[in-house]
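Q: I would like a close look at one set of charged side chains in this model, and then a walk outward to the parts around it. Please explain your terms as you go.

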Amino acid sequence: MIELKDISVTFHQPDRQINAVKDVNLTIDKGDIYGIVGFSGAGKSTLVRVINLLQRPTSGEVIIKGENITNLKGKDLRRKRQSIGMIFQHFNLMASRTIFDNVDFSLKYSGKSKQERKEKVTELLELVGLSDKHDAYPSQLSGGQKQRVAIARALVNDPEILLCDEATSALDPKTTLQILSLLKELNKRLNLTIVLITHEMQVVKEICNKVAVMENGEIVEKGDSVTLFSQAEKELTQTFIRTASHIDQALETILNSKSFIDSSNDVWLIELSYIGSQTNEALISQLYSRFQVSANILYGNVEIIQDVPLGSLVVSLSGDIDKRQEAVAYLIAEGVKITIVKADEPVEVEGVNHYARVN
Ligand SMILES: Nc1ncnc2c1ncn2[C@@H]1O[C@H](COP(=O)(O)OP(=O)(O)OP(=O)(O)O)[C@@H](O)[C@H]1O
Ligand SMILES: [Mg+2]
């Protein structure tokens, strides 16, 4: 559906040049909900604006449905752009026009009759759940409702692609979930391909089947969401994921808690991550029956990414030291990823990771 080939965007300023996007290659398939994640200034908006040529690339090619559109101009470009809708963080509605007119406005040059336009706008407002707001003004709507209007407006020309630039960043968590579920529904119902920029991994987790992580204009890691969430290789990706799962906060709380400090002699604190239906409970109870190692669960979290459960557990292990080593080796052999958070002696088991404390 979308192919970006060797895309670079350079901005020239009087005193310096900014390489906002560097040599990006990205393929987005029809029906994907593709997340683009990165900190502020990473180049996400610039990259996504290249897709509809709101931003012309300095070099590289933009291919939409097999057609190279990089050099399109004027009428041809406008026609092509109609197949690509876009929504933003700040909705960009016209304050002096009703909701109906805000959506209708984008049909002005569509060649449709007044009646056809009315039917189209009515249908779209119903699709986004705002049938009762035709005559309201933007100032009378909540943030979530305004974003629904913006979505309806972006869909007037039946686009096949919807670009979302931080579309939920101005919304509270509950409204964010509602808008995300609307986007998911539109993706399913209209077979809409969605490209979604965000700085929150939480958003990606909710709806994206694929994700690319950007830093300094480059894509540092990309792939399908389950693979990325379960085996991210790059530190930046891991930072995003760990922030979203609150695991680092949990570890810090445990490490600083008095009851843990008082009882932490002779125990190892470890983190287990596992994917799929491997049940932690069964494994944990095996540790005692096989190795006489007791595992005390201090924190647990399961994320469901694209219907696949990804679990994290923080447990303290106590028992004979040699047996603890064997227990850890056993868990690794069972496909569990093990990170040693705290141990008073070196844990020499092949494949373990060591936790780097966040300050
Ligand atoms: N029109 C422009 N002229 C000059 N520099 C620009 C322009 N647009 C963006 N930049 C610069 O390019 C870099 C990438 O900006 P971009 O807006 O793509 O980042 P972003 O990842 O979307 O950030 P945010 O999360 O804050 O929206 C930044 O350093 C920015 O200052
Ligand atoms: Mg941006």
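A: Let's begin with the network of salt bridges that links D29, D32 and K210. A salt bridge here is a side-chain nitrogen of Lys or Arg within 4 Å of a carboxyl oxygen of Asp or Glu. Please keep in mind that this is a predicted model, in which local features need pLDDT of at least 70, side-chain atom pairs count only at pLDDT 80 or more, totals for chains, interfaces and linings use all residues, and side-chain values rest on heavy atoms, without hydrogens and water. Residues are numbered from 1 along each chain as its sequence is written, while chains are lettered from A and ligands numbered from 1 in the order in which they are written.

Within the network, D29 pairs with K210, and their closest N and O atoms are 3.1 Å apart. This pair ties distant parts of the chain together: D29 sits in the loop between β2 (17-28) and β3 (33-37), K210 belongs to strand β9 (residues 210-215), and 181 residues separate them. Helices (H or I, at least four residues) and strands (E, at least two) are DSSP runs numbered from the N terminus. D29 counts as partly exposed because its relative accessibility is 37%; the classes are buried under 20%, exposed over 50% and partly exposed in between (1.4 Å probe, protein chains only).

The loop that holds D29 takes part in another contact. K30 forms a salt bridge with E160, with the closest N and O atoms 3.3 Å apart. Here too, distant parts of the chain are linked: K30 is in the loop between β2 and β3, E160 is in the loop between α5 and β7, and the pair is 130 residues apart. K30 has a relative accessibility of 43%, so it counts as partly exposed. E160 falls in that class as well, because its value is 25%. As a general point, side chains of opposite charge can pair when their charged atoms come close.

Let's stay with the loop between α5 (143-154) and β7 (161-165), where V156 is also found. V156 is buried, because its relative accessible area is 1%. Its C-alpha lies 7.4 Å from that of L124, a residue 32 positions away in sequence.

On the β3 side, I33 and V204 are 171 residues apart in sequence, with C-alpha atoms 9.0 Å apart in space. V204 lies in helix α7 (residues 201-207) and is buried, because its relative accessible area is 0%.

Now for charges outside the salt bridges. D6, D23, E61, E215 and E218 gather in a patch of negative charge on the surface. Patches consist of residues with over 30% relative accessible area and no salt bridge, with like charges joined within 9 Å and nonpolar side chains (Val, Leu, Ile, Met, Phe, Trp, Tyr) within 5 Å. Among the patch members, E218 lies in strand β10 (residues 218-224), and it is partly exposed because its relative accessible area is 39%.

Helix α1 gives a contrast in setting. Of the 8 residues of α1 (residues 44-51), 6 are buried, so the helix is largely enclosed by the rest of the structure. The buried residues of α1 are K44, T46, L47, V48, V50 and I51. Just after α1, L53 takes a positive phi of about 60°. Most residues other than glycine have a negative phi. Further along the chain, Q292 also has a positive phi, near 55°, in the loop between α12 (280-291) and β12 (294-305). D307, which is not a glycine, has a positive phi of about 70°, and it is exposed because its relative accessible area is 73%.

To put the network in context, the structure holds 16 salt bridges. One of them joins R242 and D248, with the closest N and O atoms 2.9 Å apart; D248 is buried because its relative accessible area is 15%. The chain has 13 helices and 15 strands, and 48% of its 359 residues count as buried. The UniProt record, an unreviewed entry, places the feature "domain: ABC transporter" at residues 2-241; UniProt positions follow the numbering used here, feature names are shortened, and annotations may be inferred rather than shown by experiment. That span is 36% helix and 27% strand, and its end C-alpha atoms lie 26 Å apart.

Definitions and conventions: Accessible areas come from the Shrake-Rupley method with a 1.4 Å probe; for residues, only the protein chains shown count as cover. Lys and Arg count as positive and Asp and Glu as negative; His and the chain ends are not counted. The place of a charge is taken as NZ of Lys, CZ of Arg, CG of Asp or CD of Glu.
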